[in-house]
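Visitor: I should like to learn how to read the features of a protein model. May we go through one together, step by step?

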Amino acid sequence: PLVSMKEMLETAKANSYAVGQFNLNNLEYVQAILQAAEEEKSPVILGVSEGAGKYMGGYNVVVAMVKSLMESYGTTVPVAIHLDHGSSFEACAKAIHAGFTSVMIDASHGPFEDNVATTSKVVELAHIHGVSVEAELGVVGGQEDDVIADGVIYADPKECQELVERTGIDCLAPALGSVHGPYKGEPNLGFKEMEEIGSAASVPLVLHGGTGIPTKDIKRAISYGTSKINVNTENQIQQAKVVREVLAAQPDQIDPRKYLGPSRDAIKATVIGKMREFGSSNQA
Ligand code: G3H
Ligand code: ZN
């Protein structure tokens, strides 16, 4: 069934595993991720950035595509459709009205008081609709869609606790050194702060920039209350690799099913690997 992230993440936190958010880019992503979740008996979060939503034809198209595929697959595991890095109240409202079951309001770039105000407004609307809300503090490095962050800003533990208490969000993404896209060398995550935030803030934590984080760091993050891990780049890398291989081996190939089909299997295999690593397999 289509659900919000609230219960999903509270259950994950209580049982010390994390649910993966895998970003959608087109039809094949929805297919691969839903197939992986059902096979693994894992809850799953489908992440949709504003840019990817536009690319696929709008939020209504995304919701219709997810719903009808779930119907034809007979999906039994819990699935959330989540707006990733929503840039404004308006963007979140649009997603909520289109049928998204969860939204992220990313108001972390401006002053703290503005973040509290915008996030509170989103929570008020979202909760009327039974939609869960994720907020962010600090700055995740790297680039996502058109949002480029130069330099990483670590979330302040006191502000994290205050944001949670004043807004009523369902989960919190504190930026602690993670980066969108590949890491240059090993990631250097702020585990001291993560532990502090995890015990002070009562909500599940979210880790952005899941691509390229070593398993030992994933496990440690989960032990400090991280219950949602976002992955996008890794699926894109594996998909592109297979498309390149197929087209290199068959230069005359023009049937999209012949290169998108195998690359869809690569996305599915990658997602299955992450679900096992995050511990969400066999939890649905
Ligand atoms: O919000 C999406 C993510 O944080 C994805 O990060 O592309 O580095 O895996 P990634
Ligand atoms: Zn992110």
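Guide: Let us begin with the annotated positions. The model is predicted. For this chain, the unreviewed UniProt entry gives the feature "binding site" at Asp-106 and Glu-136.

Visitor: Where do Asp-106 and Glu-136 stand in space, gathered or apart?

Guide: They span 31 residues in sequence, yet no two of their C-alpha atoms are more than 5.5 Å apart, so they gather at one spot. Asp-106 belongs to the loop that connects strand E4 (102–105) with helix H6 (112–128), whereas Glu-136 is part of strand E5 (residues 132–137).

Visitor: Is Asp-106 buried or exposed?

Guide: One counts the C-beta atoms around a residue; 20 or more others within 10 Å make it buried. Asp-106 has 28 such neighbours inside 10 Å and therefore counts as buried. Glu-136 has 25 and is buried for that reason as well.

Visitor: Which residues are in contact with Asp-106, leaving aside neighbours within four places in sequence?

Guide: They are His-85, Gly-86, Ser-87 and Glu-136. With residues up to four places away again not counted, Glu-136 touches Asp-106, Ser-108, Ala-173 and Ala-175.

Visitor: His-85 appears among those contacts. What does UniProt list for His-85?

Guide: The unreviewed entry lists His-85, His-180 and His-208 under "binding site". These three are spread over 124 residues of sequence but cluster in space, with a largest C-alpha distance of 11.8 Å. His-85 is found in strand E3, and its 25 C-beta neighbours inside 10 Å are why it counts as buried. His-180 lies in strand E9 (residues 179–180); this residue is buried too, with 21 other C-beta atoms within 10 Å.

Visitor: Which residue does the annotation "active site" cover?

Guide: In the unreviewed UniProt entry, that annotation covers Asp-84. Asp-84 has its place in strand E3 and is buried, with 27 other C-beta atoms within 10 Å. Not counting residues up to four places away in sequence, Asp-84 touches Asn-23, Gly-47, Val-48, Ser-49 and Met-104.

Visitor: What can be said of strand E2, and how many of its residues are buried?

Guide: For a strand, one examines each side in turn. E2 (residues 44–49) is mostly covered, with 6 of its 6 residues buried. On one side are Val-44, Leu-46 and Val-48, and on the other Ile-45, Gly-47 and Ser-49, so both faces are covered. Strand E1 (residues 19–23) runs parallel to E2 and is joined to it by 3 bridges; Gln-21 has Ile-45 as its bridge partner in E2.

Visitor: How should I read a helix? Which residues of H7 are buried?

Guide: For a helix, one asks which residues are buried and where they fall around the axis. In H7 (residues 157–167), the buried residues are Pro-157, Cys-160, Leu-163, Val-164 and Thr-167. They cover an arc of only 120° around the axis, which puts them on the same side of H7. These buried residues pack against H6, E5, strand E8 (171–174) and H8. After H7 comes Gly-168, whose phi is positive, near 75°.

Visitor: May we apply the method to another helix? Which residues of H9 are buried?

Guide: In H9 (residues 215–223), they are Ile-218, Ala-221 and Ile-222. Seen down the axis, the buried residues of H9 fall within an arc of 100°, so they line one face of the helix. They pack against helix H8 (191–200), strand E10 (205–207), strand E11 (226–231) and helix H11 (256–278). Gly-225 follows H9, and its phi is positive, near 105°.

Visitor: How many residues surround ligand 1?

Guide: There are 15, and the closest are His-208, Thr-211, Asn-230, Asn-232 and Thr-233. Strand E3 (79–86), E11 and helix H10 (233–249) are the elements that give two or more residues to this shell. By character, the shell divides into 1 nonpolar, 12 polar and 2 charged residues.

Visitor: Finally, how far apart are Ala-269 and Ala-36 in sequence and in space?

Guide: They are 233 residues apart in sequence and 7.4 Å apart in space, from C-alpha to C-alpha. Ala-269 lies in helix H11 and is partly exposed, with 14 other C-beta atoms within 10 Å.

Definitions and conventions. Residues are numbered from 1 along each chain as its sequence is written. Chains are lettered from A and ligands numbered from 1 in the order in which they are written. This is a predicted model: local features need pLDDT of at least 70, side-chain atom pairs count only at pLDDT 80 or more; totals for chains, interfaces and linings use all residues. A residue is buried if 20 or more other C-beta atoms lie within 10 Å of its own, exposed if 12 or fewer, and partly exposed in between; C-beta atoms are placed from the backbone. Helices (H or I, at least four residues) and strands (E, at least two) are DSSP runs, numbered from the N terminus. The arc is that of the directions from the helix axis to the C-beta atoms. Two residues are in contact if their C-beta atoms, placed from the backbone, lie within 7 Å. A residue is near a molecule or strand if its C-beta atom, placed from the backbone, lies within 6 Å of it. Ala, Val, Leu, Ile, Met, Phe, Trp, Tyr, Cys and Pro count as nonpolar, Asp, Glu, Lys and Arg as charged, and the others, Gly among them, as polar. UniProt positions are given in the numbering used here, feature names are shortened, and annotations may be inferred rather than shown by experiment. Two strands pair if DSSP finds at least two bridges between them.
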